[in-house]
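Thanks for sharing this one. Here are some notes to read alongside the structure, set out as numbered points.

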Amino acid sequence: MSELDYYWDLSSNNPELREKSALKIIENVRLTIPKNPKKQNYKDPEQILENLLGENGLSSSRDHSRLGFSTTLSEFLSEFKDIDVEHVVKLIEKYTAIQGNLSSNEERDFLFGRLFGLKAISVSKILQKTKSIEKIENIISILVSLSLKKGWLREPCFSVINNILIQLKSHDQSHEIYSMVLKKICDSKLSKTQEGVAIILTIQKIIKNLKSIGDTQWNPLSPLDSSNLETLAKVLKDVNIDPETKQRGNWSTKLHFVWDIIIEIYTSETSNIVNLSFLDFWTKIIDESFFSATSSLEKKILGISNI
């Protein structure tokens, strides 16, 4: 098979074929790097990056392109650790920039391409070895900005941010990173959204003392506090607390990732970090909120999903 065939197969509906093609692309680079770069068979990592990030790569809507190309990108970055993350981010921005008069589908492709590219960086875990807070902050800023472009992008963007925060808990400057992320959430008026609650609780699980990180715009600082129960019930029901906050988008039967974090807190040793009993939480949030007489069918379905 030619090199082009492997890239074509990254869009295949067959996950085994996508994986095989990804491994072959990376193997071809690995086998040639120790040799003389001047030889014609040398596979330049820079060229591979551009192939993965170009218009026929991450931003392509063909079959499973985004999944195949982003998986290959994350594996590629994991393998070749000398590649500067800042350079990769610039390439992602370059190849996913929205220019000219695009159709809604074309715009969607570029937005998803950018999201999947940044997610690939997160999955590769190269940020764990990134000492520059500025480079990490740039990625967070792009994700927050991307989340504000379309309501349906907010949850997946913040899911990536959440995974980055978990990865960086042992980073030498983790406190500074968490403080920076928290400030961006508050400045974007997202602290009292499901995404904001998810990030705050993830930070609280790791740091324990939120006062050392900064203001959360909740009083007390943790959303999981008995004093915040009324507001939290509205947030978890996806009610807009701040009129300036854009709605997330269409309703989905899929549970928001904030619920995974909440359940983990109450079912693990971290339950002592919150000032809200599980009984009070369940009664107010599930029984009285999702299953109230005025709740829509959609909300009741979500309530059932939590049981």
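**Notes on the model**

1. Let me begin with the second largest pocket, bearing in mind that this is a predicted model. The second largest pocket has a lining of 13 residues, and those nearest its centre are Lys-81, Lys-125, Ile-126, Lys-129 and Thr-130. Its volume is about 230 Å³. Sorted by class, the lining of the second largest pocket holds six charged, four polar and three nonpolar residues.

2. Helix 5, residues 85–95, deserves a look of its own. Which of its residues are buried? They are Val-85, Val-88, Val-89, Leu-91, Ile-92 and Tyr-95. Looking down the axis of helix 5, you will find these buried residues within an arc of 160°, so they line one face of the helix. The general rule is a handy reminder here: an α-helix has 3.6 residues a turn, so residues three or four places apart point the same way.

3. What do the buried residues of helix 5 pack against? Their partners are helix 3 (45–53), helix 4 (65–79), helix 6 (104–124) and helix 7 (133–149).

4. Now turn helix 5 around: on the face directed away from its buried side sit the exposed residues Lys-90 and Lys-94. Lys-94 counts as exposed because its relative accessibility is 53%, where the cut-off for exposed is over 50%. Lys-94 is also worth viewing together with Gly-54: the two are 40 residues apart in sequence, while their C-alpha atoms are 8.9 Å apart in space.

5. How many cavities of 30 Å³ or more does a search of the whole structure find? The search finds one, and the volume of this largest cavity is about 30 Å³. Its lining consists of Val-85, Glu-86, Val-89, Lys-135, Asn-138 and Ile-139. Helix 5 and helix 7 are the elements that each give two or more residues to that lining. By class, the lining of the largest cavity divides into two charged, one polar and three nonpolar residues. Val-85 and Val-89 are thus worth selecting in your viewer: both are among the buried residues of helix 5, and both line the largest cavity.

6. A last word on the cysteines. Cys-157 counts as buried because its relative accessibility is 0%, and Cys-186 counts as buried at 9%, the cut-off being under 20%. With a disulfide taken as a pair of cysteine sulfur atoms within 2.5 Å, the count of disulfides is zero.

Note on methods
Residues are numbered from 1 along each chain as its sequence is written. This is a predicted model: local features need pLDDT of at least 70, side-chain atom pairs count only at pLDDT 80 or more; totals for chains, interfaces and linings use all residues. Side-chain values use heavy atoms; hydrogens and water are left out. Buried means under 20% relative accessible area, exposed over 50%, partly exposed in between (1.4 Å probe, protein chains only). On a 1 Å grid over the protein atoms alone, a cavity is a set of points where a 1.4 Å probe fits but cannot get out, and a pocket is an open set with protein on both sides within 12 Å along at least five of seven lines; lining residues have an atom within 4 Å of a point. Grid points are joined across faces, edges and corners, and a volume is the space filled by probe spheres set on the points. Ala, Val, Leu, Ile, Met, Phe, Trp, Tyr, Cys and Pro count as nonpolar, Asp, Glu, Lys and Arg as charged, and the others, Gly among them, as polar. Helices (H or I, at least four residues) and strands (E, at least two) are DSSP runs, numbered from the N terminus. The arc is that of the directions from the helix axis to the C-beta atoms. Contact means heavy atoms within 4.5 Å.
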